[in-house]
Amino acid sequence: MPPEQAVSPPPLPIPISRPWIGPEEKAAVIEVLESGMLAQGPRVAAFEDAFTKLTGARHAIATSSGTTGLHLALMAHGIGPGDEVITSPFTFIASVNTILFTGATPVFADIDEGTFNIDPKAIEAAITPRTRALMPVHLYGQPCDMDEIIALARKHDLAVIEDAAQAVGATYRGRQAGSFGTGVFSLYATKNVMSGEGGMITTDDDHIADQCRLLRNHGMRTRYQYETLGYNFRLTDVLAAIGIAQLGRMPEATMRRRANARFLNVELESVATPAVKEGREHVWHQYTVRVPEGMDRDDAVKRLDAAGIGTGIFYPMGANHFPHVKEVVGEVPTPVTDRVAASVISLPVHPLLEQPDLERIVAAVNAL
Ligand SMILES: *Cc1c(COP(=O)(O)O)cnc(C)c1O
């Protein structure tokens, strides 16, 4: 049979995300293993240094995950029982769980339907005498309305803890996400810069940085002298070495994500493509569309899956609706989040997509 008549196998499914790992990451890991120093050490320090350079923050503190980073940041700001922290209901559960872990109460301000980010007007309406901090979440890699959020924080004397887990390298009016208040990044395997697991806190505040370092390591400054109740939230040198190599790859990876998003924005017709507000450089951790009214979202996901297109639903439900959260906050109406959560689909946008992959995604989505 001539080759052009051979039945070609069906194309491989396109995953929603794929880590970009090259010889740099592999060599860096081997080097650490051969050094015999595996715990928090010189690579963690170098990785922290690289994050201060990236964000412009004075301090960076590496942690075992984004979740433990958020937890430490809240603790360092002295957030605890009786305090309220205002955050977005449309987020990964860790934003909310870390507030709960401190004993504080999460207060939900609904989102802006265009950007999926917390709405500053809803924040203002949610401020009470107990409010101590604002936790905006730069969802999918697009910075929140930071001018309005910082103005509210100043007016009401509130801390700002940015959940920048998805937004490494994103900017708002030229300034890096995570550098407006205390920033927290995630280095989880699917994030734009990853180390498998890990987190990074950034801050200009010497006291906050000191508290984060202290609480990260058993409340211990001098060996076996415990100043306070602390945790083991440290990162390892093996993971820091991967993260450093990933940071080196970030400019190219972000460029590719942006080019992929531009292509999808132009070509997709059957769904509402994501909006980017002026003054922001989105880093496209997720490329998230909304299905039109009358289209069944879950059915659309099934059809895309059958066409070999990986998708994700980030997130299927507002954090306020889960039983362990409701137990604390009761029924909180978040109509915008509820509408959005029922209609979003995230499509592959990762830097390893090739042009034929993008064309397959467009063809499958436009056929919905
Ligand atoms: C990933 C993520 C976290 C948690 O980070 P981990 O490193 O997985 O602990 C927190 N908030 C948001 C918005 C995230 O996407």
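How much space lies in the largest cavity? About 140 Å³. Hold on to that number, as I will come back to the cavity after the ligand. One caution before I go on: this is a predicted model.

Let's start with the ligand. Where does it sit? The ligand is in the largest pocket. Two helices each give two or more residues to the shell around the ligand: α3, residues 66-76, and α4, residues 93-101.

How many residues surround the ligand? The count is 16. Closest are G66, T67, D163, S186 and K191. Sort the shell by class and you get 6 nonpolar, 8 polar and 2 charged residues.

Now the polar contacts. I have three side chains to show you. Take T67 first. An N or O atom in the T67 side chain is 2.5 Å from an oxygen atom of the ligand. Next, S186. Here a polar side-chain atom is 2.6 Å from a ligand oxygen. Then K191. A polar atom of the K191 side chain lies 3.1 Å from an oxygen atom of the ligand. How much of the ligand does the protein cover? On its own, the ligand has 380 Å² of accessible area, and the protein covers 93% of that.

On to the pocket itself. The largest pocket holds about 430 Å³ of space. Its lining counts 27 residues, and those closest to the centre are F92, S186, Y188, K191 and Y315. Two of these names should sound familiar. S186 and K191 are also among the closest residues around the ligand. Which elements give two or more residues to this lining? Again, α3 and α4. Of the elements, α3 gives the most, with 3 residues. By class, the pocket lining splits into 11 nonpolar, 13 polar and 3 charged residues.

Stay with Y315 for a moment. Y315 lies in a loop, between α9 (297-306) and α10 (323-329). Look at the bond just before it. The peptide bond joining F314 and Y315 is cis, with omega at about 5 degrees. So a residue near the pocket centre has a cis bond on one side. Please look at that spot on the screen.

Back to the cavities, as promised. A search of the whole structure finds 3 cavities of 30 Å³ or more. Take the largest cavity, the one with about 140 Å³. It is lined by 17 residues. Nearest its centre are W20, K191, N192, Q246 and R257. K191 has come up before: its side chain has a polar atom 3.1 Å from a ligand oxygen. The cavity lining divides into 8 nonpolar, 5 polar and 4 charged residues.

One last backbone point. F116 has a positive phi, near 70 degrees, and F116 is not a glycine. Where is F116 found? In the loop between β3 (105-108) and α5 (120-126).

Conventions. Residues are numbered from 1 along each chain as its sequence is written. This is a predicted model: local features need pLDDT of at least 70, side-chain atom pairs count only at pLDDT 80 or more; totals for chains, interfaces and linings use all residues. Side-chain values use heavy atoms; hydrogens and water are left out. A residue is near a molecule or strand if one of its heavy atoms lies within 4 Å of it. A polar contact is a pair of N or O atoms within 3.5 Å; within protein, one must be able to donate a hydrogen and the other to accept it, and residues adjacent in sequence count only if both atoms are side-chain atoms. Accessible areas come from the Shrake-Rupley method with a 1.4 Å probe; for residues, only the protein chains shown count as cover. On a 1 Å grid over the protein atoms alone, a cavity is a set of points where a 1.4 Å probe fits but cannot get out, and a pocket is an open set with protein on both sides within 12 Å along at least five of seven lines; lining residues have an atom within 4 Å of a point. A molecule sits in a cavity or pocket if more than half of its atoms lie within 2 Å of its grid points. Helices (H or I, at least four residues) and strands (E, at least two) are DSSP runs, numbered from the N terminus. Ala, Val, Leu, Ile, Met, Phe, Trp, Tyr, Cys and Pro count as nonpolar, Asp, Glu, Lys and Arg as charged, and the others, Gly among them, as polar. Grid points are joined across faces, edges and corners, and a volume is the space filled by probe spheres set on the points.
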